[in-house]
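This report walks through one protein structure for a reader who has not met it before. It begins with a single residue and then moves outwards to the sheets, helices and hairpins around it.

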Amino acid sequence: MKKFRKVLDGLTTSSPGGTIGSPSCGSAAGTPTAAPTPKEIDVQETLVSENFQLCKTVRHGFPYQPTALAFDPVQKILAIGSRSGGVRILGRPGVDCYCQHESGAAVLQLQFLINEGALVTACADDTLHLWNLRQRRPAVLHSLKFNRERITFCHLPFQSKWLYVGTERGNTHIVNIESFVLSGYVIMWNKAIELSTKTHPGPVVHLSDSPKDEGKLLIGFESGTIVQWDLRGKKADFRIYYDEAIHSVSWHHEGKQFMCSHSDGSLTMWNLRNTTKPFQVTFPHGKIQKDGRKESCKPILKVEYKTSRNSEPFIIFSGGLSYDKAGRRPALTIMHGKAITVLEMDYPIVEFMALCETPYNNEVQEPYAVVVLLEKDLIVVDLTQSNFPVFENPYPMDIHESPVTCTAYFAECPPDIIPILYSIGAKHKKTGYSQKEWPVSGGTWTLGSHTYPEIIITGHADGSIKFWDASAITLQMLYKVKTSKVFEKPKPGEGRAAELVEEDPFAIQMVSWCPQSRIFCVVGISAHIILYRFSKYDANTQIVSLEVRLQCESEDVITPSENENNPCFSEPGSHSPQPHHQHPASPSSGTPEGIKDSIPCLKVKDRMVRVPPGYQAELVIQLLWVDGEPPQQITSLDINSAYGLLAFGNCNGLAVVDYLQKTILLCMSTLDLYGAADPYQRLTRSPRRNRQSTSGLTELSDNQQSIDMERSKSPTSDHVNGHCTSPTSQPCSAGKPRVPMGPEGPRLTRRGPGRPPFRKAQSAACMEISLPVSHTEESRENSFSRSRSSSVSSIDRDTKEAITTLQLGESYGRKSDAVPTPCLWVGTSLGVVLLIPMSIPTDQEERMEEPVTIGPSGAILMLKGSVLRFGFLDCMGALIQSPYEVWRDANAPEDPDRPRKRKLVHFSPSSSQDTCGEGHLAVVCSERQAKVFLMPSQSCLFVHNITESSFVLRADVVSVCNSVCLACFCANGHVMTLSLPSLRPLMDINYLPLTDMRIARTFCFTNGGQALYLSSPTEIQRITYSQEMCDNLQEMLGELFTPIETPEAQNRGFLKGFFGGNANTFDREELFGEAAAGKASRSLAQHIPGQAGVEGMKVAASGVVGDLARARIALDERGQRLGELEERTALMMTSAETFSKHAHELMLKCKDKKWYQF
């Protein structure tokens, strides 16, 4: 615990940013000048670096690009492998584990060691891995890298420690999964096929042991060759040569016949008594045409042949549909007796697997469900009912139902909000699911003690919003809002609608939610804002629509204000727009030439509409087209329920709306906001510049912290700590280097007339950007003084000053203010912070009738880089929350005894005035630096340059460990935290390099040391940067493995059941062990031990491969060897007693004899 004291008359590392002529806050020491009255800021900071640690907590959603599937029928857990090397292991709700192969190679196949708490993965880099699942965070115990051959298929018999591995060359190797080394026993392809065969049989596509005899291995080659190999005799029992390529093979449980699926859409049945030809060939979907020929069909990629005790066997396969039916969806076919059921899927089938009652392959299988892994979904079909309903999926596999375009994360929500949202969302749930319990029910999970209400909100490309309950590291959908219902559907043939074909005009860009007042606001890509209020009752409502004209026609160039050689300006001029008209609302109109003017992008329903309980739209605000130019997308938004105000901005300017009175209070360009206090002097530019094309970047603009990668390439002045003098006598710091583009994203005005303001909405998942490049000396030299005379350079450098962040709250608009008043904090892309004071009537009746007055802008503060976030602390360092209105249901029946009144909750900035006088601290974070100002004096107390080589993407003031800090995520992948108010670095970890726009758009921090981002287009990754949560993570995660007795084999002796099998006991150790088979070639495969160090030792100690662990498992599950051990011990004790008795008798006999008597 460390105490920080800063006295403003003797600062060394920073300077007051609130005085004329004072140095700007920077890393270099500044000499303080005329400062406000010295005031001691005494904040006892409690956070230290030991409070922070970064780790992943849990991943939600559908595994992106899945490739493989496996199921443990005893433990009842499911594993899914993906193309990026990830493995998701799922059990009962709450049991959800994500593992990642370090190589990132695609997972080809998964094999559980059934009921042993282990999993074998085969990857595309020809490496086998053994994962230990007996710990909450699985780890790799062993790896085996094949050097000369490519792995194509693996098979692990139940209760065997020998894994069969087929390769692309057609060879079959055998791996001991305890030691993870190759056996010397190899089945070479040329031994498997006849010597007379002239062609190579192709890769191994199937391996399985015969249910009848474990000593027989069935090998399927891609070309259509099938060999049954006698493992004991090291010879082939039979060979089948079929004309069609084989995709899969499945045994009948009696081991007398098997079924193959082929590339021509056929299924063949083979009997071991006669392997010369199949005894049955069927084309399930191949109808006979008029000319007598069968329709050509697609390959059947997999077939499963499962028997049932009380009914006909199930034949389940994927593919095989006829080619001629274009547009048919992928299908899973279930043949049960004479009935053929085709289940059409929404996405292509990756893999499927029948779930059976028994793990033994030589017993009646009794399938009860089929797990179907699709490219973008996971479904489980109930086989026990004739109509084959699907089970309701308890996992959140539909996050990506429409591509995710934005996220928001709220920890420590009011406890009543989740049950309310769930109760309303439950009314709209789908029906028709199977009534049975979800069959993937393995593992254990209990609600930990470290849980609190959390909600995640996702916005989507189709305009839908989903609320998710994220409490206790699970994720469950609560409620869904469709914002498109607010608008009329575009009718075919309409001029405006015709341009929107195949577009996503409702895509969500950002959301703002106040959980206390339950007011919800969304920003859409069509430059529209929708305000929702929550109600438990349905209602008939008329949606109010406001139209705002916020567009520029002329542009300006920024030049230094007085001193041409002032070092604070290191870039040539940029421009800031001026509004052409500022009509609060105007009717739709068009010019005679057909150029769009004063019309919105979408048409709001103008009739009374019936709205169900939940979030009900109250107000829609739309920006208008101006002179054929579409409106610029909205880059920032804030809403305050206590004030009844909504503020938003874009690259043209700022607007403030009174949503209680449904009026526009302010609609002004960024330039006009400054008034006489503009820190820059601007030269007007030709308006024709507006129509020229500049950039071909992606057209989906970012939200308030959106990125322009070009910014990272712009020159960064080495003299930013200089100061400039403003003619307005307002505080001024260094100007941000001018850049080609501001964070409003690419300018849609460049697209020319007649184009919609958006392309098909790219989700946050699909936008890619290049990594920032380092600054070159050449670009550093390209300063204003060098290019002032070059009009070409000035044109190339033009940019708009966008409103990048907004915050409504109680503050001091001017230095002279004695009491805090409602203020709007405005941050721009040029690093300027404006304070706009407001006067809001306090009486409820007056508030609804009297206008809210907005004063001229007060203070101006400056930082390096685009402003990202504001936060407010009292003088004791505690976080000041924004005031809010307590939620009340506007549609509730009136109670005459209790008139409905607005109940406001305020958090005064001067709550600690007894100790430090009036005032509060303002935390401002930009792309490059963070500053802490003392209000109302506007003195800069602390400054920290966060990054020089990169830029901050996300920043937030969050509460951690009963204190507050500033959390930042940079484009170079660093996650860092800074103490408040002193801005000491507490944590800086290189976590996640920014590789695409998806991460930048969806990364968000929240309280409690948590954050999330979209790790793939279909998955949300949650992380924590709190050491306390990292320590408690083990308790919060579910257990994948639970000790379960392996079911007994039916109608067989105990020992036979334990040792695998059948009448002919098959000892694999005797065949494959080193004594019999010798050692494999060292160059063939390389053994790689698991993670080294203490953690690896712990893993190995608790793993399944140690001799001790293996003995314990055997003893626990069977007890057989324990009995043998007891018998042997008893035998040894008896023998010892006999020996002792004989020895005693001998001693007595010889005791009295003399030496010569022997």
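Which residues does Val-165 touch, not counting residues up to four places away in sequence? Val-165 touches Leu-128, Phe-146, Ile-151, Phe-153, Cys-154, Asn-171, Thr-172, His-173, Val-175 and Leu-207, where a contact means heavy atoms within 4.5 Å. This is a predicted model, in which local features need a pLDDT of at least 70 and side-chain atom pairs count only at pLDDT 80 or more, while totals for chains, interfaces and linings use all residues. Residues are numbered from 1 along each chain as its sequence is written, and side-chain values use heavy atoms, with hydrogens and water left out.

**The whole protein**

The pLDDT, which is the predictor's confidence in each residue on a scale from 0 to 100, averages 78 over the protein, and 74% of the residues score at least 70. Over residues 554-593 the pLDDT is below 50, although this stretch has 150 contacts in the model beyond near neighbours in sequence. Residues 911-916 also have a pLDDT below 50, and that stretch has 9 such contacts.

The protein contains 17 helices and 69 strands; helices (H or I, at least four residues) and strands (E, at least two) are DSSP runs, numbered from the N terminus. Of its 1158 residues, 59% are buried, where buried means under 20% relative accessible area, exposed means over 50% and partly exposed lies in between, with a 1.4 Å probe and protein chains only. Among the contacts with a separation of 6 or more, 64% join residues 24 or more positions apart.

**Around Val-165**

Val-165 is found in strand S13 (residues 162-167), and it is buried with a relative accessible area of 0%. Val-165 and Ile-151 lie 14 residues apart in sequence and 6.9 Å apart in space, C-alpha to C-alpha.

Two of the residues that Val-165 touches, Val-175 and Leu-207, also appear in strand pairings, where two strands pair if DSSP finds at least two bridges between them. Val-175 stands opposite Leu-182 in S15, and in the hairpin of S14 and S15, which has 4 residues between the strands, Phe-180 takes a positive phi near 55 degrees. Leu-207 has Ile-219 in S17 as its bridge partner.

S16 and S17 belong to an open sheet of 4 strands in the order S16-S17-S18-S19, with antiparallel pairing. Strand S16 (204-209) and strand S19 (235-241) stand at the edges with a single partner strand each, so one side of each is left without a neighbour in the sheet.

**Paired strands**

The table sets out four antiparallel pairs.

| First strand | Second strand | Bridges |
|---|---|---|
| S14 (residues 172-176) | S15 (residues 181-187) | 4 bridges |
| S16 | S17 (residues 216-221) | 5 bridges |
| S35 | S36 (residues 519-524) | 6 bridges |
| S46 | S47 (residues 645-649) | 5 bridges |

**Helix H2 and its sheet**

The buried residues of helix H2 (residues 417-425) are Ile-417, Ile-418, Ile-420, Leu-421, Ile-424 and Gly-425. They cover an arc of only 165 degrees around the axis, which puts them on the same side of H2; the arc is that of the directions from the helix axis to the C-beta atoms. These buried residues pack against several strands, including S32 (454-460), S33 (464-469) and S34 (476-482).

An open sheet of 5 strands has the order S35-S36-S37-S45-S39, with mixed pairing. H2 packs on this sheet, touching S35, S37 and S45, and its direction makes about 100 degrees with that of S37; axes are lines fitted to C-alpha atoms, for helices over the stretch in contact, and angles run from 0 to 180 degrees between N-to-C directions. Within the sheet, Cys-514 stands opposite Ile-519 in S36.

**A covered strand and a second helix**

Strand S46 (residues 636-640) is mostly covered, with 5 of its 5 residues buried. Ser-636, Asp-638 and Asn-640 lie on one side and Leu-637 and Ile-639 on the other. Ile-639 stands opposite Leu-646 in S47, and Gly-644, in the turn of the hairpin that S46 and S47 form, has a positive phi of about 70 degrees.

In helix H11 (residues 1027-1036) the buried residues are Met-1029, Cys-1030, Asn-1032, Leu-1033 and Met-1036, and they pack against strand S3 (52-61), strand S67 (1010-1016) and strand S68 (1019-1026).
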